Amino acid sequence: MEDARGGEEENSMFETSHVLGALLASSPLLARAWDRCVAAADAAGGGGGGASPGFVHDGGEEGGSVYVAFSGVQAALSAAAAGCGADLFNPVGLRGDAAAARLFAPLVAAEPEDPAGGEPVAVQALALRGFLRLCGSPEFQMLLNQIRGKAVVFTGHSLGGAIAALVALHYLCTSSSSSTFAPAPPVLCVTFGSPLLGNDTLNRAILRERWAGNFCHVVSQHDVVPRLLFCPLNAVPAHIIIGMQLHQLPVRARRAAGVVATVTACMADTNQEALRQLIQEHAGAAAIEQKLATQETQGRSPYRPFGAYVLCSPGGAACVDNPTAAVQMLYATFAARCAPETGAASPEAAHSCYGELVLSIPQHLLLKRRLGATAITPAVSNYDAGISLALEASGITVEVMEAAPARQWLKTSKRAGQSPSLNCASLARRLGRITPCRAQIEWYKAAFDTNTGYYDAFKQRLSPKKFAKANMYRIKLGQFWDGVLSMLDTSQLPHDFHRRAKWVNAAHFYQLLVEPLDIADYHRSNLHRTRGSYIIHGRERRYELFDKWWKQRGFTGIATGDTSASTAARRSKFAGLTQDPCFWARVEEAREQTESAKSERNATVLAMMLECLHKFECHSSELVESKDVSIDVVAPQSSYSLWVKEWNELKLREEVRTILFQFQS
Amino acid sequence: MNEHYGFVIAVVVPATAHEGEGSKLLLPNNGHGQYYHQTTPILPINSVLKRKKKIQTLHLHTGAESTVNTPPPPTSKLAATPLKTMPAAAALSDDDRLVVAHCAALSFPTSPPSSSSFQVHHASHPYPCAAFAFPPSWSAGGGGWAASASPGAGAFGDAKVDPSLFPSLRSVGSGVPARANAAFLAAFRALLDGSPLQSEVSRAVAEEKRIIFTGHSSGGSIATLAAIWFLETCTRRGSVNQAHPFCVTFGAPLVGDNTFNHAVRREGWSQCILNFVVPLDIIPRIPLTPLASVTEGIQAVLDWLSPHTPNFSPSGVPLIITQFYENLLRSTLSIASYEACSFMGCTSSILGTLTSFIELSPYRPCGTYLFMTSSEQLAVLTNSDAVLQLLFYCLQLDPQQQLCDAAERSLSAHWQYEPIKQSMTQEIVCVDYLGVISSTLPGRQMSSTTVGGLDVSKEAMLSLSAAGQWEKQRETNQAKIDGANCTKIREALKSLNEYKRTCELHEVSYYDSFKLQREVHDFNANVSRLELAGLWDEIVEMLRKRELPDGFEGRQDWVNLGTLYRRLVEPLDIANYYRHSKNEDTGSYLSKGRPRRYKYTQEWHEQLQRISFGSSLESCFWAMAEELQAEIANGKTFEDVRDRVVKLENDAHGWFLSGCLGKDIFLSRSSFVMWWKTLPEKHRSASCIAKLVPW
């Protein structure tokens, strides 16, 4: 049943990961980035380590892109000197480190407040240390100033790539929080054979900030380094990663540093087959876990990929941007050992083959490959044929065992990539259909604007027919928005959904219009006595979220123009809707307090009450004066008008006047 | 409501005694110096001129050849089906063949070419025509291929087209102008200004001859520009009787960008432009490489190809050409992969980032492409996406082939067009290439890759299928809009029209009634307004994502519906805007608050009617009136705004007389009338609308 439906869909579907890979490989981008990586390694090795800033940069003239390449040599040297402890690759929470928390503020700030929300954003210690050392150097700060406003490619090989990714993240953090409204200049981070950098929370934070498209990790088929950190922390052979990095050093520099010799010796001892088994086992476990979507927390590695992964074989490249698919493809390509001659290549060679790859792939893509034998297989769908090409580009031939699961994984990832935007489109249509309900409530509001206001009318169920209708529309709208939120919670919607102007505006308008009715309902059924104050205990989750969206709205245009204009020019008449969604709850509280203040004998308690009331008076009269409230608030029979009357009466009392006098002075 | 615009009277006048000659459409003048634009798409030459003759088509499933009778020509020339349903140019009529052979003879003269900038050749067979042939240029810099330091030129030597020469070459709605090769634009401009081209064309038009433009190599690109210029002038003048020019190019480099191609298709001109390409020819692809790095390479290629230089057809190609060739292959692969990602529905977010770091050529194929796969076969493609894919995949190398040999073959292919002089007059089979590919089971991979004489890889077949699928998808989307959405829009408009009339019965403008929102029918009108907004926003969103066919925005029925919608409903949006005083939050309606759905529909109308952009703002009358009222209320004196008041009055007067603006604004209780009466007496008595305002 499901297969049939899937087949129907597949007719119009095409696999694109190898096409995207062809785009990347055919452009000079990767080769240029690699050249800079080599230059950075040379600079780090040749300069004896200490004098070099750890990066090289060039380009940027006449509007071209700047390339900044980072070297991981220094980090590796210091790690080797410290004896390659396993703690080098421990995850470090960004929030916990004061310097890091400042440098990556937007990533950390968006983290859920309560610790139960999941693990905090964390990155591996060695890369972070390397990055923090860079940040301290004046050369690096100068570089950041130089490249500001230009298109930048950050790049690095091995550990250098992990550092480059941190620099790119930092750069994105600073340019997103800068106050300029000009669109942020494009940033791309290209890593070659870099170890995994952060945990799944980091991946999610990057998705939320819409930065996943800025990272491109190039991985060759048999490279162990990008896959090593799938191993549990206690099993990570840290010296392998360090040794691989140091292997890049020119021989004369290697001799100079004694520690290098020990590490390389240590590496030579490692059983290559055992290493391969180790990686295959844990990467495989990670891939399966992604498929089952179960989280085995015990003993698993915290590291997960983020951004797009370009899986390279000499014959082509396939680019997958779904982190789940990235894990699975990292495993499948590694496990698919088909050609014995490439499989036998040493891990060192597999880790440093990127220079040849960036040259050979484009040349290979220009050739017309003829699949004489396999082409005979009758009537494969376009989609399946595309997947075969994608698998082949990433180095998995159709015959090997891993081809079947990899095929399935690519299909799943394709669906996952498509569904959020499709859902969003259908939701937009449903919003169009639900909007008349909102108009009905606007109409209901207008009917009472001149006498009691729609808040009190709803609370007192004035004109029952109208009330019943309005109540029905209120419930319908609530259901619609709850549905939206549940889709968002189960990540069926685009990750930046709550940043899109259309939805933030629609949710805000809905909230301003309908929340007063929910407040009325709450107070009519006396829930404020049984449950407690509406603002703290009674608010629906949707309103709290919408409030947050509205406050955090980052999109340019309407929102920014709105606030600046409203502070500059005062409204000439009352706003269409009261701008404080909880205004009526505050009025209700004020009325209660006024009532109890009338009979309050205890002077201290009275003073406290009056202070609250005085604050509310300031708040509300300011809103009314700036006309930030709707006309219904000042309707003659509205609760607010009644409260103003009661409050003014109360203020006439001698003892009240004296206490209030103290606040004013 | 006076909604009479948009009909067409057509008179068919046979130009000669020949059956099926170019038809003449005479269009009525509406009395305001404005011509109505012809509704039927310009008929492609092969359907207009098709006679009852046997032509050959290839039977695609069996691969066997058979002869079939073409259906008899339609009895009325105006009953032509829309372009999209026509069997694409899969078959050239006999007359077309003669013309193409004729063009080939002109483009490849046997005698050494003269040095003039173009040649005119008059012929009477198969029908009276004047052919303009443009010679190729063989110099890369200095007005040949790459404009040297022209202002605003992009990395690929592209520049905005001059809107006064090519007013239609823009994307209506967003208003983005098309871009084209700056050097070709400049060369064409020089031809217009400095050669007798214009007068020769006018003379041929006066003699009621059919105009044909042709050229080899860069001459073909100039011919394309000339044909579009000619179509622009004819349709602007309203004299469409001659507007079936025919443009035949041989191995012409790409001229314009995607907007260029989109506009040409929207106007229905793409079938007048036939581009013949030898599959391996290097020249059409040259604009796909970034200019900065390869100017010497281009010059080397041109030197090698040029008949004037002594080293023509030496043995082997110099190294610089081989390097350039590899560069060209890679750039072509980049752009083909990029486009394939788009129409294959790639959702990867890295695609957007990459466009900032990879130089991607803006040029796209435009018009109908005929790949000369052999002397017996032509593979015909009208799908621009598919043509772009073929431009790369035809060049894909055989693994055994040396790069320099491939480069040499590709270069010499540029001089392999001459046989067309003979083969056209013999039986040559045209294959609707994409049609063949997509005629196999939906979603299934083609088993044979050699259909139509083109031998391409598996990737190529996938890309081509996807391009065909995407075209179909766009048609499906359009069909959906044509069905359900259209009905809903009409119903809602009907109820709003009812609303407007009811208000007018009470001597109230529906604008004022809506702004007050006192009655139930005001509320109901608001619901209709919201429904309509949803429906139109969806259409605009689809257009912006290019999910509808290129011709959609040029369709008379939708343009009319859009205009109807805009004139009736935009006042309600304005009323809503000023009712909520959004001008105080955000700014005036016209500058900040106008929804895209009205901007788009206005531009559709202006494009179809060939009137200047921004001239039909009648639906925003109330917004302008509101702004003036607000300014005077805020303390400005009448003298401050006098000029704008006078302009608004003049505009309103014109719009009212032409029926674009309803009579409701001049009702006695209209807020505009009441405000107008507060203006100084002296001004009012001299005003052009004084007679329209009731006392």
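pLDDT is the predictor's confidence in each residue, from 0 to 100, and the exercises below use it first. This is a predicted model, in which local features need pLDDT of at least 70 and side-chain atom pairs count only at pLDDT 80 or more, while totals for chains, interfaces and linings use all residues. Residues are numbered from 1 along each chain as its sequence is written, chains are lettered from A in the order in which they are written, and side-chain values use heavy atoms, without hydrogens and water.

**Exercise 1.** State how many contacts beyond four places in sequence the model has for residues 372-376 of chain A.

*Solution.* Begin with the whole chain: chain A averages a pLDDT of 81, and 84% of its residues score at least 70. Then turn to residues 372-376 of chain A, where pLDDT stays under 50. With contact taken as heavy atoms within 4.5 Å, the model has zero contacts beyond four places in sequence for this stretch. Residues 556-568 of chain A also stay under 50, but for them the model has 12 such contacts.

**Exercise 2.** Describe the interface of chain A and chain B by its residues, its buried area and its salt bridge.

*Solution.* First take the residues: 66 from chain A are in contact with 56 from chain B. Next comes the buried area, that is, the accessible area (1.4 Å probe) that two parts lose on being put together, summed over both; here this area is about 5,500 Å², and carbon and sulfur atoms give 61% of it. Leu366(A), Lys368(A) and Trp443(A) supply 15% of the area that chain A buries against chain B, more than any other three residues. Last, a salt bridge requires a side-chain nitrogen of Lys or Arg within 4 Å of a carboxyl oxygen of Asp or Glu, and the rule finds one across this interface. Glu538(B) and Arg429(A) meet in a salt bridge, with an N to O distance of 3.6 Å.

**Exercise 3.** Work out how domain 1 and domain 2 of chain B meet.

*Solution.* Start with the bounds, which come from an automatic or database domain assignment: domain 1 covers 94-427 and domain 2 covers 473-686. Their centres, taken over C-alpha atoms, are separated by 43 Å. The contact takes 17 residues from domain 1 of chain B and 12 residues from domain 2 of chain B. The area buried between these domains is about 1,300 Å², with 45% given by carbon and sulfur atoms. Finally, the count of salt bridges between the two domains is three. Arg170(B) forms a salt bridge with Glu603(B), and their closest N and O atoms are 2.9 Å apart.
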